[in-house]
Amino acid sequence: MEVESVKTGILDENCYVLSKEDECLIIDPGDDFSKIKKLVGKRKVLGVLITHYHFDHIGALDDVLINYKTSLIDYKSYEYQNIGPFSFEIIKTPGHKDDAVTYYFKDEKIMFVGDFIFKGTIGRCDLKGGNINDMKRSINLIKKYDKKIKLYPGHGDYTTLEYEMNNNLYMR
């Protein structure tokens, strides 16, 4: 599986496009549909995954759904999903926002964590829908997974679960 990203919007949100051959998934279509469309190219979009519903993660959602005539996967979806060649688990990880989820692609050992975890820190819990106690439970849940998993956040650089458990004060 190939993972590509484009920064969108005024907050430089990471929109990801996951590809297997000529099919793809879009994660968090932040803003600027033209950038996303260019990254997708001629691939067939099988679905759109949303980690949480803050404006910087869904700015181009309507354009993506309309233009690609595809389905939406979010916190209301089933725990396990198989879409075309893609298989993943949806893990509820509230804290930054009450509708936050993490998408875990076990075979590839990667997670898309939205604003749950960033390199060296975690997402804010003081915004509407945030809750520090939920964040602590989500952190404890995610720490049970394979430490070698690569984490792709909603902003900034990717990291690993192992790095965060060793270097992120919130993850200890």
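Strands here are DSSP runs (E) of at least two residues, helices are DSSP runs (H or I) of at least four, and both are numbered from the N terminus. By that rule, Thr102 belongs to strand β8. The model shown in every view is predicted.

**Figure 1. Thr102 is a residue of strand β8.**
Thr102 has a relative accessible area of 0%. Buried means under 20%, so Thr102 counts as buried. Its side chain makes a polar contact of 3.1 Å with the side chain of Thr93. Thr93 is also among the residues that Thr102 touches, leaving aside those up to four places away in sequence. The others are Glu89, Ile90, Ile91, Met111, Phe112, Val113, Phe116 and Ile142. Ile142 is one of the buried residues of helix α4, which appears in the next view.

**Figure 2. Helix α4 has a buried face.**
Helix α4 spans residues 132–142. Its buried residues are Met135, Ser138, Ile139 and Ile142. They fall within an arc of 100° when seen down the axis of α4, so they line one face of the helix. An α-helix has 3.6 residues a turn, so residues three or four places apart point the same way. Strands β7 (86–92), β8 (101–105), β9 (110–114), β10 (117–118) and β11 (121–122) pack against these buried residues, and so does helix α5 (161–167). At the N-terminal end, Asn131 caps α4. A side-chain oxygen of Asn131 lies 2.8 Å from the backbone nitrogen of Asn133.

**Figure 3. Ile139 sits in helix α4.**
Ile139 has a relative accessibility of 4% and counts as buried. Leaving aside residues up to four places away in sequence, Ile139 touches Phe116, Ile122, Tyr170 and Met171. Gly114 and Ile139 are 25 residues apart along the chain. Their C-alpha atoms are separated by 13 Å.

**Figure 4. Strands β6 and β7 form a hairpin.**
The two strands pair in the antiparallel sense, over four bridges. Asn82 stands opposite Ser87 of β7. Two residues lie between the strands. In the turn, Gly84 has a positive phi of about 55°. Side chains alternate along β6 (residues 80–83). Gln81 and Ile83 point to one face and are buried. Tyr80 and Asn82 point to the other face and are not buried.

**Figure 5. The largest pocket holds about 160 Å³ of space.**
It is lined by 15 residues. Ser87, Phe88, Glu89, Tyr104 and Lys106 are the closest to its centre. Strands β6, β7 and β8 are the elements that give two or more residues to the lining. Strand β7 gives the largest share, four residues. Ser87 therefore appears in two views: beside the pocket centre and opposite Asn82 in the hairpin of Figure 4.

**Figure 6. Helix α1 has a buried side and an exposed one.**
Phe33, Ile36, Leu39 and Val40 are the buried residues of α1 (residues 33–40). They cover an arc of only 125° around the axis, which puts them on the same side of α1. The face turned away from that side carries the exposed residues Ser34 and Lys38. Cover for the buried residues includes β1 (2–8), β2 (13–20), β3 (23–27), β4 (44–49) and helix α3 (61–68). Gly41 follows α1 and has a positive phi, near 65°.

**Figure 7. Asp32 and Lys109 have positive phi values.**
Most residues other than glycine have a negative phi. Asp32 has a phi near 65°. Asp32 lies in the loop between β3 and α1. Its relative accessible area is 31%, so Asp32 is partly exposed. Lys109 has a phi near 55°. Lys109 lies in the loop between β8 and β9. At 37% relative accessibility, Lys109 is partly exposed too.

**Figure 8. Strand β12 pairs with β9 and with β13.**
Strand β12 covers residues 150–153. Four bridges join β12 to β9, and these two strands run parallel. Here Met111 stands opposite Leu151 of β12. Met111 is also among the residues that Thr102 touches. Two bridges join β12 to β13 (residues 159–160), and this pair runs antiparallel. Leu151 stands opposite Thr159 of β13. The hairpin of β12 and β13 has five residues between its strands. In that hairpin, Gly156 takes a positive phi near 80°.

Technical notes. Residues are numbered from 1 along each chain as its sequence is written. This is a predicted model: local features need pLDDT of at least 70, side-chain atom pairs count only at pLDDT 80 or more; totals for chains, interfaces and linings use all residues. Side-chain values use heavy atoms; hydrogens and water are left out. Buried means under 20% relative accessible area, exposed over 50%, partly exposed in between (1.4 Å probe, protein chains only). The arc is that of the directions from the helix axis to the C-beta atoms. Contact means heavy atoms within 4.5 Å. A polar contact is a pair of N or O atoms within 3.5 Å; within protein, one must be able to donate a hydrogen and the other to accept it, and residues adjacent in sequence count only if both atoms are side-chain atoms. Two strands pair if DSSP finds at least two bridges between them. On a 1 Å grid over the protein atoms alone, a cavity is a set of points where a 1.4 Å probe fits but cannot get out, and a pocket is an open set with protein on both sides within 12 Å along at least five of seven lines; lining residues have an atom within 4 Å of a point. Grid points are joined across faces, edges and corners, and a volume is the space filled by probe spheres set on the points.
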